[in-house]
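Grab your viewer and a backbone-torsion script, and let's work through a few exercises. Each task comes with a solution that goes step by step.

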Amino acid sequence: MSQTIDPTVSSPALDSALAWLAQPSAEDPLRDLVPLRGHLAAVDDMGVAPLQLLLILELFQPRVNAVNTALKPLLRDAALPVDRRLRTIAQGLLDVHGRIAAAYRKVMHEADGKRLQTLHRNPTSLCALALGNLLQQMEVALLVSAAAPPDMWRHAQAVYHWTMAAVPHDSTLPEGANTVLRQFQTMLALAAAQPESFTPAEINFLLTYLREHASQVELADALPTTGSKKTWYWVNEERDYAPCAVVRRSPPEAARNVCFSCHELGRSALEHVELLEAGEAPQALGVDERAADPALRQALHRAASRWILPPKRHTTRRGSTSRVQVCTDLPALWRYQRGAAPPVANVLGVTATNWMMLNESPGGLAIMHVSGDIHGITAGSALAVQPTADQPWGLYLVRWARSDNPEHLELGLELVAPAAEAVRLVRHGSRDGMAAEDVTIEAFRLPPLAATQRGEALLATPGIHRSGTFTLVSENAERIQLTDCTPGTLLLQTASVELFEFTRDFSPAGL
């Protein structure tokens with residue numbers, strides 16, 4: 001750093017912060033979060049002059065980055081509800097990112113431009129630092145299924161508008177402004193993908209993809225006057241809300257909006273998915289090598305579909321306060337249907353828990369956890385719901401999850417089947433000329449669903465569909481039925497499950 005902190009602004013709080021920053025980082029960076037948060041808050045309350053504040057922020061930022069680097073891998077592997085310690089650390093990091101971003105904005109607005117140049121800094125690079133912290137804040141919140149921090153969207157728009165206003169329209173964007181534009185496009189595209197429906201690992205993968213390809217997001221001050229507006233979203237700086245699709249609600253008039261379309265981004269992403277499915281190497285396409293994972297390719301496909309055409313709600317939700325039982329341990333439900341003990345407990349804890357239904361529609365419902373131990377829930381996983389004791393367990397897919405604190409969890413569920421049969425699938429070992437043992441897999445057979453014109457289907461762990469023909473084993477107290485089957489259309493695939501139609505090749509005699 002070419003400049004030092006002015007000693008005339010010294011105070012006990014600043015001296016303490018600088019002394020701490022001068023010490024080596026803790027061996028575990030997560031242990032730095034509490035003192036980091038305290039010293040940052042103390043400096044924030046001092047009212048330090050803008051240029052001095054900038055120099056102090058540049059000392060804090062590496063410590064913040066180190067905490068990020070240590071925490072995010074832990075969050076990417078976490079299921080809901082997130083461990084209390086990790087959730088507390090994440091909340092602290094959200095606060096730190098918000099304070100850092102606000103402090104950079106203060107410098108942007110109050111610092112003298114010529115004096116910034118003497119420090120070899122420029123306003124647009126400060127904008128990039130501010131928006132970079134807001135993007136990190138968005139990611140951390142999504143990894144723990146928390147709502148966006150207050151003012152995140154309002155501040156992100158303010159930084160974007162300030163940056164664009166500071167750059168002459170007839171000039172090439174300087175590096176800092178170009179970084180701001182790419183960061184803002186990344187935030188907008190991630191929000192348009194409905195990130196609450198993705199697992200932490202999928203969110204991380206999508207962010208990596210967007211950092212390379214978000215420049216394809218089209219931005220405008222207003223909706224186009226010609227052509228279709230169905231692919232467009234908008235966000236308004238007076239409303240601290242995530243982007244809204246035009247097909248759901250039109251932007252307010254006489255207001256400062258940012259309108260954007262992810263259509264080209266989605267089209268490009270679908271092309272990448274198709275080429276990857278055809279055997280192209282991720283590196284050859286300029287995408288992350290993790291795209292070789294079928295589950296992550298499917299996540300990119302889901303995001304691309306939403307970028308191309310924002311989904312529109314087709315059914316009305318009805319409010320409800322009914323109580324339901326939820327079984328998050330489908331293997332326990334599978335054993336129950338096969339005549340074992342009821343799906344109430346296993347070695348990990350209680351698996352049938354009490355939830356309140358918040359609303360329902362023909363296609364699914366939203367529920368809030370009331371009591372009982374829960375574990376292992378992620379977006380894209382499957383669970384079972386029983387409205388009353390005399391009704392069957394219906395199977396649902398977790399479409400989104402929200403958790404404001406360690407004691408709170410809400411889920412949006414999509415109906416897969418109102419009832420299902422526990423079956424076994426035998427995947428035969430001799431494939432591709434290689435001898436191997438047969439593999440037996442637990443699955444649920446789903447009856448045809450007339451509402452979606454879906455035929456007979458199976459819900460199983462990922463991998464069955466692409467493995468080819470298999471034998472379906474259906475058992476009850478009187479007989480065992482074996483049927484050779486061929487996979488049909490793959491209807492859905494997530495990191496946890498796959499849902500696909502199948503056809504029976506013949507009907508064997510019962511044994």
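**Exercise 1.** Place glutamine 194 among the helices, then work out its phi and its burial class.

*Solution.* Start with the location: in this predicted model, glutamine 194 sits in the loop that runs between helix H8 (175-192) and helix H9 (200-213). Next, the torsion: its phi is positive, about 60°, even though the residue is not a glycine. Last, the burial: glutamine 194 has 24% relative accessibility, so it counts as partly exposed.

**Exercise 2.** Do the same for serine 145: is it buried or exposed?

*Solution.* Look in the loop between helix H6 (123-143) and helix H7 (152-166) for serine 145. Its phi is positive too, near 60°, and again this isn't a glycine. The cut-off for buried is under 20%. Serine 145 comes out at 15% relative accessibility, so it's buried.

**Exercise 3.** Which residue is joined to proline 81 by a cis peptide bond?

*Solution.* Check omega: it is about -5° for the bond joining leucine 80 and proline 81, which is cis. Proline 81 belongs to the loop between helix H3 (50-76) and helix H4 (84-110). For background, most peptide bonds are trans.

**Exercise 4.** Which residues have the most contacts inside the largest nonpolar core?

*Solution.* That core has 111 residues, and the best-connected ones are Phe60, Leu75, Trp307, Trp355, Leu411 and Leu413. Now zoom in on phenylalanine 60: leaving out residues up to four places away in sequence, its contacts include Trp20, Leu36, His39 and Ile100. Apart from the largest core lies another, of 20 residues, with Phe444 and Leu397 among them.

Terms used: Residues numbered from 1 in each chain as written. Predicted model: local features only at pLDDT ≥ 70, side-chain atom pairs only at ≥ 80, totals over all residues. Heavy atoms only, no water. Core = buried A, V, L, I, M, F, W, Y, C linked by side-chain atoms within 4.5 Å. Buried < 20%, exposed > 50% of the residue type's maximum accessible area, 1.4 Å probe, protein only. Contact = heavy atoms within 4.5 Å. Helix = DSSP H or I, 4+ residues; strand = E, 2+ residues; numbered from the N terminus.
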